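Biologist: I'm new to this one. Could you show it to me and take a few questions?

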Amino acid sequence: MSIDAILGDLTTESADALVNAANSSLLGGGGVDGALHAAAGPALLEACRKVRADQWPGGLPVGEAVATIAGHLPARWVIHTVGPNRSAGQTDERLLASSYTRSLDVAVELGAHSVAFPAVGAGVYGWDATTAARVAVAAVLAHPRTGIDRVRFVLFSPRLHDAFTAELNRSRRG
Ligand code: AR6
């Protein structure tokens, strides 16, 4: 089982499941959400509309996760999660941890062997890099991750890459 952090673009990362930092509407947005939808093509939005109609008519709650097909992305599934919007006063770190925990729960249910995450909440939603990295790494390490061989954090900025790398190194030193 490997956990690593790379500087890169999630839309070109090959993994069984790519995690999307979505919003409750599941109908797209900016940041990594917009990039994933653009790369996946319209089938992803169509799948998200179906999730809304069938499973989450009121929208996906903060800290929850749900899977769809991945369209043209180099993955089998996209797992959509909604981080807490710190900029809007949702400051509970447990909700951010839950985004990772529930995403991994869904990945295990799907039978995914590899999962790639962005820094959920660390863009529009306003979590600082150090906190985003600490919460993300702790949540992934605490998860049983049954059947998952690789978890990768794909970070879009050197600052986030440094924060996640430092956190992983700290956790390895124990
Ligand atoms: N690959 C990897 N990371 C990326 C990419 C990419 N292609 N593009 C951006 N990031 P954000 P949030 C990074 O704002 O804070 C959306 O509008 C970005 O630099 O995408 O959870 C949703 O629809 C940042 O470090 O997600 C919601 O409304 C990280 O991904 C809202 O933003 C997360 O930033 C969610 O906000």
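Modeller: Sure, here are some questions and answers about the ligand and the salt bridges, and keep in mind that this is a predicted model.

Biologist: Let's start with the ligand. Where does the ligand sit?

Modeller: Look at the polar contacts to begin with: a polar backbone atom of valine 124 lies 2.8 Å from an oxygen atom of the ligand. The protein covers 90% of the 690 Å² of accessible area that the ligand has on its own. As for the place itself, the ligand sits in the largest pocket.

Biologist: Which element gives the most residues to the shell around the ligand?

Modeller: Two elements give two or more residues to that shell, β2 (17-22) and α1 (31-40). With four residues, the one that gives the most is α1.

Biologist: By class, how many charged residues does the shell around the ligand have?

Modeller: There are 22 residues around the ligand, and Asp33 is among those that come nearest, along with Asn23, Gly30, Gly123 and Val124. Split by class, 12 are nonpolar and eight are polar, and the charged ones number two.

Biologist: Now the salt bridges. How many residues apart in sequence are the parts that aspartate 4 and arginine 152 tie together?

Modeller: A search of the whole structure turns up nine salt bridges. In one of them, aspartate 4 pairs with arginine 152, with the closest N and O atoms 2.8 Å apart. Aspartate 4 is in strand β1 (residues 2-7) and arginine 152 is in strand β6 (residues 150-155), so the pair ties together parts whose separation in sequence is 148 residues.

Notes. Residues are numbered from 1 along each chain as its sequence is written. This is a predicted model: local features need pLDDT of at least 70, side-chain atom pairs count only at pLDDT 80 or more; totals for chains, interfaces and linings use all residues. Side-chain values use heavy atoms; hydrogens and water are left out. A residue is near a molecule or strand if one of its heavy atoms lies within 4 Å of it. A polar contact is a pair of N or O atoms within 3.5 Å; within protein, one must be able to donate a hydrogen and the other to accept it, and residues adjacent in sequence count only if both atoms are side-chain atoms. Accessible areas come from the Shrake-Rupley method with a 1.4 Å probe; for residues, only the protein chains shown count as cover. On a 1 Å grid over the protein atoms alone, a cavity is a set of points where a 1.4 Å probe fits but cannot get out, and a pocket is an open set with protein on both sides within 12 Å along at least five of seven lines; lining residues have an atom within 4 Å of a point. A molecule sits in a cavity or pocket if more than half of its atoms lie within 2 Å of its grid points. Ala, Val, Leu, Ile, Met, Phe, Trp, Tyr, Cys and Pro count as nonpolar, Asp, Glu, Lys and Arg as charged, and the others, Gly among them, as polar. A salt bridge is a side-chain nitrogen of Lys or Arg within 4 Å of a carboxyl oxygen of Asp or Glu.
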